[in-house]
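Me: I would like to go through this entry term by term and ask, for each label, what it rests on. Please set the value against the criterion before you conclude.

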Amino acid sequence: MPKPQPPVQKNETVEVTFEDLTHEGNGVGKIDGYPLFVPYGLPGEKAEVKVVKVKKNFGFGKLIKATEPSEHRVEPPCPVYYQCGGCQLQHMSYQMQLDMKQKQVQDAMKKIGHLEHVPVHPVMGMEDPWRYRNKVQIPVGQDGDGLKAGFYQKRSHNIIDMDQCIIQDEHNDRMVEAVRRIAEKHGISAYDEESHRGTIRHIMSRTGQATGEIMVVIVTKTKKLPHQEEIINEIVETFPNVKSIVHNVNNKRTNVILGEQTNVIYGDKYIHDKIGDVEFKISPKSFYQVNPVQTKTLYDQALKYADLKGHETVVDAYCGIGTISLFLAQQAKQVYGVEIIADAVNDAKKNAKHNHIENAEFVVGEAENVFPWWKDQGLRPDVVVVDPPRKGCDENLLNAMIEVKPEKIVYVSCNPSTLARDLRILEDGGYETQEVQPVDMFPQTSHVECVTWLKRK
Ligand code: SAH
């Protein structure tokens with residue numbers, strides 16, 4: 001039988017009605033059953049699309065015009081939205097973003113976890129889904145007009161010059177612009193990836209939204225930061241709230257932003273931030289949730305699911321600087337945290353002390369190795385909380401949890417696919433997933449965070 005040919009050709013203009021959305025936020029329209037994926041297309045709308053890529057079973061298109069636009073289409077407020085790779089959903093109403101994320105989690109539960117019966121609640125959204133991020137890392141480049149600081153263009157390393165990013169805390173925007181201007185004034189060159197020459201690579205700014213404290217990190221290829229004293233003075237003059245200025249040296253050919261050498265050149269090693277009534281010290285290299293408002297929502301939900309009475313032993317795996325651990329410790333007998341980054345564990349220990357919390361201990365290491373070691377030492381937690389990176393939990397950790405049989409597992413996840421995969425393993429090992437609560441930590445982007453809990457059968 002001859003293979004069916006795709007019903008469209010490259011560069012052809014077609015009319016489609018979008019039926020669905022992918023998890024990245026692309027519209028899906030079908031032509032005689034052949035799916036076309038089209039960035040910025042919204043379900044329910046009719047559009048003119050130019051076919052840009054044709055594969056055997058599906059193709060890609062470029063939206064020319066929504067001829068009958070969806071009622072959920074909105075004008076993106078950011079002027080560089082269509083060039084920048086940072087946000088994916090500014091063209092849809094916030095309610096549609098939330099609905100799409102709920103469906104994304106439901107789909108993962110069904111298709112990957114085979115957990116049709118598990119309720120996925122509506123996504124907890126933000127009242128004001130803008131200006132929420134507390135940290136920015138901006139690459140620096142150069143053209144005939146001087147230094148440029150901005151995000152990378154989609155699928156490239158071209159820098160889009162921009163003076164603000166409307167999902168960022170305004171302090172961070174202003175800090176990046178000030179450092180760019182000061183560096184330019186002193187004739188400091190930008191690092192060039194291709195030739196591996198030049199000086200300034202990235203500017204990172206983190207603001208403690210509850211305290212107003214700001215940390216700025218200037219990353220250079222060179223060992224020295226040229227005009228260091230002048231730069232410090234000018235930053236401090238412009239930002240009385242700056243608590244920490246850090247020079248980081250990264251002389252490798254790499255996409256990793258921070259290098260190994262970190263010098264505090266002004267103020268403290270940390271800034272502070274508060275979530276609820278717990279105060280945290282945050283070092284330049286430590287992971288800290290980027291949306292503090294929604295982090296509070298997420299942790300409250302995790303605590304509600306943990307439902308601690310005060311007599312429990314709790315493990316917090318992938319604990320970072322101890323954020324969740326310290327909340328748990330206020331309601332448990334003892335908490336043990338494990339985290340792979342040594343600086344973060346140091347922060348966690350200091351944070352426990354700083355908040356007069358004496359029933360939390362922290363260990364540096366891989367959760368998948370430390371948890372089995374704890375088990376051999378006789379540790380039998382009542383509740384285990386996990387909050388792994390995007391790739392999910394290591395299988396050795398899941399198996400060790402299944403062997404140790406805690407009554408309850410609370411799983412915080414930033415990736416519904418790996419969450420569903422891991423829930424399936426835990427279900428097969430004797431656990432029952434109760435419910436999933438997605439939380440919108442990253443409005444305007446296609447990312448979604450979830451918290452869920454499992455009970456031993
Ligand atoms: N629970 C924390 C951090 C979550 S992010 C919070 O809410 O702030 C995930 C953390 O897992 C990061 O701090 C990362 O450094 C850490 N990590 C990554 N792989 C790990 C592993 N194999 N073992 C332990 N920690 C790991």
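The exchange below takes up the labels used for the ligand site, for several loop residues and for the domains.

Me: What kind of model is this?
Reply: This is a predicted model.

Me: Why is Gln289 called buried?
Reply: Buried means under 20% relative accessible area, and Gln289 has a relative accessible area of 6%, so the term buried applies. Gln289 sits in the loop between strand S14 (278-282) and helix H4 (292-306), and the unreviewed UniProt entry lists Gln289 under the feature "binding site", together with Tyr318, Glu339 and Asp387.

Me: Why is Asp128 called partly exposed?
Reply: Partly exposed is the class between buried, under 20%, and exposed, over 50%; the relative accessible area of Asp128 is 49%, and therefore Asp128 is partly exposed. The residue belongs to the loop between helix H1 (94-111) and strand S6 (135-143), and the C-alpha atoms of Asp128 and Pro443 are 9.4 Å apart although 315 residues separate the two along the chain.

Me: Is Cys414 buried or exposed, and how do you know?
Reply: With the limit for buried set at under 20%, the relative accessible area of 19% for Cys414 meets the criterion, so Cys414 is buried. Cys414 is located in the loop between strand S19 (408-413) and helix H9 (416-428), and the "active site" label on Cys414 comes from the unreviewed UniProt entry.

Me: What makes the backbone of Tyr40 and of Gln444 worth a remark?
Reply: Tyr40 is not a glycine, yet its phi is positive, at about 75 degrees; Gln444, likewise a residue other than glycine, has a positive phi near 75 degrees. Tyr40 is in the loop between strand S3 (34-39) and strand S4 (46-54), while Gln444 is in the loop between strand S20 (431-439) and strand S21 (449-456).

Me: Why is the word buried used for Tyr40, and why for Gln444?
Reply: The limit is again under 20%; Tyr40, with a relative accessible area of 16%, is therefore buried, and Gln444, with a relative accessible area of 2%, is therefore buried as well.

Me: What makes the pairing of Tyr299 with the ligand a polar contact?
Reply: The criterion is a pair of N or O atoms within 3.5 Å, and a polar side-chain atom of Tyr299 lies 2.6 Å from an oxygen atom of the ligand. A side-chain N or O atom of Thr323 is 2.9 Å from a ligand oxygen atom, and a polar backbone atom of Tyr318 is 3.1 Å from a ligand nitrogen atom. Of the 570 Å² of accessible area that the ligand has on its own, the protein covers 90%.

Me: Which residues come nearest to the ligand, and which classes make up the shell?
Reply: Among the 17 residues around the ligand, Tyr299, Thr323, Glu339, Ala367 and Asp387 come nearest, and by class the shell has nine nonpolar, four polar and four charged residues.

Me: What is the basis for speaking of a TRAM domain, and what are the domains of the chain?
Reply: The name "TRAM" is given by the unreviewed UniProt entry to residues 7-65, a span with 0% helix and 63% strand. The domain assignment lists domain 1 (13-68), domain 2 (101-127 + 291-456) and domain 3 (135-269), with 33 Å between the C-alpha centres of domain 2 and domain 3.

Key
Residues numbered from 1 in each chain as written. Predicted model: local features only at pLDDT ≥ 70, side-chain atom pairs only at ≥ 80, totals over all residues. Heavy atoms only, no water. UniProt positions renumbered as here; feature names shortened; annotations may be inferred. Helix = DSSP H or I, 4+ residues; strand = E, 2+ residues; numbered from the N terminus. Domains from an automatic or database assignment. Near = heavy atom within 4 Å. Polar contact = N/O pair within 3.5 Å; in protein donor to acceptor, adjacent residues only side chain to side chain. Areas by Shrake-Rupley, 256 points an atom, 1.4 Å probe, with all protein chains shown as cover. Nonpolar A, V, L, I, M, F, W, Y, C, P; charged D, E, K, R; others polar. Buried < 20%, exposed > 50% of the residue type's maximum accessible area, 1.4 Å probe, protein only.
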